[in-house]
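Welcome! Here is a short guided tour for anyone meeting this structure for the first time. Please keep the sequence and the 3D view at hand while you read.

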Amino acid sequence: MEAELFKRKLSGSEASRERSEAIRRGEYDECESELDDAGDGEEKAIQTAEMMAAKRKEGYIRFLTAKVSDFSLFGGADSLTEGKRAPRRTFAATNDKGDASVYPAPPQDPSDFLWLMTEEPHRTRRMAIMKAHPEVTKLMGYEPLTKYIVLAVVSLQIYLSIYLRYTSPFSPWFIFIAYMIGGTANHNLFLAIHEITHNLAFPGVAPNRLLAIFANLPIGIPYSAAFKGYHIEHHKFMGQDGIDTDLPTRFELLFLNNVLGKVFFATFQILFYALRPGFVRAQRLTKWHFLNLAVQLVFDYILVSTFGVRPLVYLIMSSFFAGSLHPCAGHFIAEHYLWDGMEQETFSYYGPLNILAYNVGYHNEHHDFPSIPWSRLPALRALAPEFYDTIPSHPSWPMVTINFIRDNEVGIFARAKRLAKAKVTEQEKEMGKQVNGIEEEGDKSE
């Protein structure tokens, strides 16, 4: 049995490697039918959405009758004592026998990312949900509560930074508060900026941008204006290499694809998310970038000149902890890394840490409907359970980080990538030239 499973894994890795290399070379003829199915034509998209809705309903009925609810069998399993990690077990929602302990697909080739030619899943599911539940549009709109939460958390962080002005940054008390309270608070502000980026705090664009700059203050380093551009591209061009800066680079794949590398990545992931975009895709600077920079520098200057450097040290230390080995920081890895041989690009998390994180754990729901605010994402899931309760989700953010580090079948390589559409078009033209050249040579020979 073990030998058979090993062969299955080996063949799966080889197949994954061959497919990835073929896609990277532009030899993607076998995927053209998938591209046609996921084409931009409105009629085809609607037909796909209707078919998907019917399949989802059928699958949800099977899911309910199977009575399978053990969500610890895949991804971020919430047990430190579950034993051997590989091969992982995967939840099977449509298994007629109700057996949740089924083996997933063969593991991914760890030497490369998973290259896909299919459309990202959220557009199709969004259309299917709107077809099945047209009332979903009532959930869209801004959330007035957001600005009050931002005001409270910003005030808390400024107060704590001033409170610690006489405490050494190397003292256990300073570090404890910076990690437990400061890290949690600044992570909350990261996700407040994420929410505000989608214009979900106010009806207008400008008030949202200004609130994001205000929420940026306790983070210590200006980033809200740049984040907006990169994050909108992450939604619009999800998985597209060279555009979606949420994706690891080949440099990261080469140097961090081992246990020590994964520990380093998980510890300093805030730096990767801050620095990677500048290397991958430069932004055109706008007045909002300069305003964000100016307001942050003035705030930092006033804080340091009035209370000394320690308050600023506290805020920056809080930001570092917020994006390091912190319970809430598990969502960075949980959201889009591939698990257990599946090609599922987005995972949700429905646990209690969502209370501190603007429900960002409802990540499939968020990507399907970015115009629905954090407070109504649970209502979206409840409205369309046949779409969300039948796909795997992570039961624990902290365990996602732990399993990411200790599991050899997941790592920096476990991300789905697509060639940017411009690159695909160039390769199509090149292939067309080659085909035409062959045909011309054939005509001459005749």
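The report below goes through salt bridges, cavities, a surface patch and a few single residues.

## Before we start

Please keep in mind that this is a predicted model.

## Salt bridges across the chain

Let us begin with charged pairs. The count of salt bridges comes to nine. Three of them are set out here, with the gap between the closest N and O atoms.

| Basic residue | Acidic residue | Closest N and O atoms |
|---|---|---|
| Arg125 | Asp368 | 2.7 Å |
| Arg281 | Glu233 | 3.0 Å |
| Arg415 | Asp246 | 2.9 Å |

Take the pair of Arg125 and Asp368, whose closest N and O atoms are 2.7 Å apart. Arg125 belongs to helix H4 (residues 121–132) and Asp368 to helix H15, so this salt bridge ties together parts that are 243 residues apart in sequence. Are these two residues buried or exposed? Arg125 counts as buried, at 4% relative accessibility. Asp368 is buried too, with a relative accessible area of 0%.

Next comes the salt bridge that Arg281 forms with Glu233, where the closest N and O atoms are 3.0 Å apart. This pair also links distant parts of the chain: Arg281 sits in the loop between helix H11 (269–280) and helix H12 (287–307), while Glu233 is in helix H8, and the two are 48 residues apart. Arg281 has 31% relative accessibility and counts as partly exposed, whereas Glu233, at 18%, counts as buried. The cut-off helps here: buried means under 20% relative accessible area, so Glu233 at 18% falls on the buried side.

The third pair is Arg415 with Asp246, and here the closest N and O atoms are 2.9 Å apart. Both partners are in loops: Arg415 lies between helix H18 (397–406) and strand S4 (416–417), and Asp246 lies between H8 and helix H9 (250–255). The pair links distant parts of the chain, 169 residues apart. At 3% relative accessibility Arg415 counts as buried, and at 14% Asp246 counts as buried as well.

## Cavities inside the model

Now for the empty spaces. How many cavities of 30 Å³ or more are there? The count comes to five. The largest cavity has a volume of about 90 Å³.

Which residues line the largest cavity? You can pick out Ile196, Thr197, Asn199, Asn208, Arg209, Ala212, Ile213, Ser224, Ala225, Lys228 and Trp288. By class, this lining has five nonpolar, four polar and two charged residues. Three helices each supply at least two residues of the lining: H6 (172–197), H7 (205–216) and H8 (224–236). Of the elements around the largest cavity, H7 gives the most to the lining, with four residues.

## A nonpolar patch on the surface

Moving to the outside, you will find a nonpolar patch formed by Leu156, Tyr159, Tyr163, Trp173, Phe176, Met180 and Ile181. Together these residues have about 720 Å² of accessible area. Helix H5 (145–163) and H6 each supply at least two residues of the patch, and the largest share, four residues, comes from H6. One member to look at is Ile181, which is found in helix H6. Ile181 is partly exposed, with a relative accessible area of 36%. Patch residues need over 30% relative accessible area, so Ile181 at 36% clears that cut-off.

Helix H5 also holds Ile149. This residue is partly exposed, with a relative accessible area of 24%. Ile149 and Asn188 are 39 residues apart in sequence, and their C-alpha atoms are 9.4 Å apart in space.

## Two residues with positive phi

Finally, visit the loop between strand S2 (348–349) and helix H15 (363–368), where Tyr358 has its place. What is notable about the phi of Tyr358? Phi is near 50°, a positive value in a residue other than glycine. Tyr358 is buried, with a relative accessible area of 6%.

Asn359 is in the loop between S2 and H15 as well. Although Asn359 is not a glycine, its phi is positive, at about 55°. Asn359 is buried, with a relative accessible area of 11%.

Key. Residues are numbered from 1 along each chain as its sequence is written. This is a predicted model: local features need pLDDT of at least 70, side-chain atom pairs count only at pLDDT 80 or more; totals for chains, interfaces and linings use all residues. Side-chain values use heavy atoms; hydrogens and water are left out. On a 1 Å grid over the protein atoms alone, a cavity is a set of points where a 1.4 Å probe fits but cannot get out, and a pocket is an open set with protein on both sides within 12 Å along at least five of seven lines; lining residues have an atom within 4 Å of a point. Grid points are joined across faces, edges and corners, and a volume is the space filled by probe spheres set on the points. Ala, Val, Leu, Ile, Met, Phe, Trp, Tyr, Cys and Pro count as nonpolar, Asp, Glu, Lys and Arg as charged, and the others, Gly among them, as polar. Patches are made of residues with over 30% relative accessible area and no salt bridge: like charges are joined within 9 Å, nonpolar side chains (Val, Leu, Ile, Met, Phe, Trp, Tyr) within 5 Å. Accessible areas come from the Shrake-Rupley method with a 1.4 Å probe; for residues, only the protein chains shown count as cover. A salt bridge is a side-chain nitrogen of Lys or Arg within 4 Å of a carboxyl oxygen of Asp or Glu. Buried means under 20% relative accessible area, exposed over 50%, partly exposed in between (1.4 Å probe, protein chains only).
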